[in-house]
Amino acid sequence: MLDEYLAFVGARARVNTWLAIASDLKIFFEVVGKEPAAVRTADVFAFLTAQRAPRHGGNVARLEDGEAGLAARTIARRLSSVRGFYSYLLVRDDTGVSRNPVPSSLAARRPGARRGKGGVPLIRTPRTLPRVLSPAAVDALRNALRTYRDRAMVDAMVLGGLRRCEVLGLRLEDVNAGQRRVFVTEGKGGRQRIVPVSARFFATLAEYLAAERPPESATRQLFVVLKGARRGQPLLAAGLDQILDGARRRAGLERATCHQLRHTCFTRLREAGMQLEAIQAQAGHASIESTRIYLHLANDWLETEYLRAAEAIEAQVAGSEAAAR
């Protein structure tokens, strides 16, 4: 049943999603130790308790939530994977499974109490703001990169907001230097989009194509390995992470990830006055709710809104005092 479900998922999801779901299900059934039809909700809660148990002897706690077990987001994702598997079994109606043992939420705390949509969630995930890099940190990181290829990839993320997989998925024909646009074919959820990118990216990219990209490379992938046994073959995610990690250390930065560069891009665009709907299109977000985080990351937005409201309140108070006199 697991193999058939994973084949079903593989036909409609990206490889990384498929791998995550396969890993989540493997971990769940190793912990529970039962056949799918024998699993009860009590087993799910026992699994939840096991996932929350302290790791590393209980001596390590995350700064984000103070917990020593697995991160809440990881546990929530694993429960979602198991819930999806049982939804599949219920639809099939030939597996001996009559109910989904993974509740989507808990009921309200007392009878008749109002509750939000879906009730109380099993896992409360912390709503933390992502860290963004300062302009000086971005310059230091870029200066620490050793090739035009590496600078072009970082520019695609910090100037165009592309995800790591989107950068590595670019093909030669996806780049339109004349219009300063790139065609993103490997977007999240299979969504394609055309996005503008700063001229600096295209200038750096031209240097890479002219001086560094191996002419014998047979792949149409834009970014390839420059030396070694895999010279001319597509660059992998692990390779990009290694490049960025090395540049981060040379620049003396504590943290600099691909997703952090993407967050930095949209934060700066919002601070420069770009409309939220435009940022949503640039980012490839399916929902505007995913884009609203950049309102909170852009410092000037909150300050401007507060000062505008405070001035209005002060004007009302001054008017009331004048009328009283």
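This report walks through two helix pairs, the nonpolar cores and two loop residues in a predicted model.

## Where α1 meets α4

Let's start at the N-terminal end. Helix α1 covers residues 2-10 and helix α4 covers residues 72-92, and the two pack at an angle of about 100° with their axes 11 Å apart. Angles of 65 to 115 degrees count as roughly perpendicular, so α1 and α4 are roughly perpendicular to each other.

On the α1 side, the residues in contact are Leu-2, Glu-4, Tyr-5 and Phe-8. They meet Ser-81, Gly-84, Phe-85, Tyr-88 and Arg-92 in α4. Sorted by class, this contact has five nonpolar, two polar and two charged residues.

## Where α5 meets α9

Further along the chain, α5 and α9 pack at an angle of about 115°, with their axes 8 Å apart. That makes this pair roughly perpendicular too, and the crossing of α5 and α9 is right-handed.

Here α5 brings Ala-140, Leu-141 and Ala-144, which meet Leu-244, Ala-247, Arg-248, Arg-250 and Ala-251 in α9. The class split for this contact is six nonpolar, no polar and two charged residues.

## The nonpolar cores

In soluble globular proteins, nonpolar side chains tend to be buried together. In this model, the largest nonpolar core has 38 residues, and the members touching the most others are Leu-141, Met-153, Val-182, Phe-201, Phe-223 and Leu-261. At least two core residues come from each of α5 (135-144), α6 (148-158), α7 (164-169), β2 (181-184), α8 (199-211), α9 (237-251) and α10 (258-271). The top contributor is α6, with six residues.

Leu-261 is a good one to click on. Leaving aside residues up to four places away in sequence, Leu-261 touches Leu-133, Leu-141, Val-154, Met-157, Val-158 and Leu-244. Two of these also turned up at the α5 and α9 contact: Leu-141 in α5 and Leu-244 in α9. There is also a second, separate core of 24 residues, with Val-9, Val-44, Phe-47 and Val-102 among them.

## Two residues with positive phi

Asp-93 has a phi near 65°, a positive value in a residue other than glycine. You'll find Asp-93 in the loop between α4 and α5. Its relative accessibility is 65%, so Asp-93 counts as exposed.

Arg-180 is another non-glycine residue with a positive phi, this time about 55°. Arg-180 lies in the loop between β1 (175-176) and β2. With a relative accessible area of 47%, Arg-180 is partly exposed.

Methods:
Residues numbered from 1 in each chain as written. Predicted model: local features only at pLDDT ≥ 70, side-chain atom pairs only at ≥ 80, totals over all residues. Heavy atoms only, no water. Axes fitted to C-alpha atoms, helices over the stretch in contact; angles between N-to-C directions. Helix = DSSP H or I, 4+ residues; strand = E, 2+ residues; numbered from the N terminus. Parallel < 35°, antiparallel > 145°, perpendicular 65-115°, else oblique. Contact = heavy atoms within 4.5 Å. Nonpolar A, V, L, I, M, F, W, Y, C, P; charged D, E, K, R; others polar. Core = buried A, V, L, I, M, F, W, Y, C linked by side-chain atoms within 4.5 Å. Buried < 20%, exposed > 50% of the residue type's maximum accessible area, 1.4 Å probe, protein only. Left-handed = near helix turned anticlockwise from the far one by under 90°.
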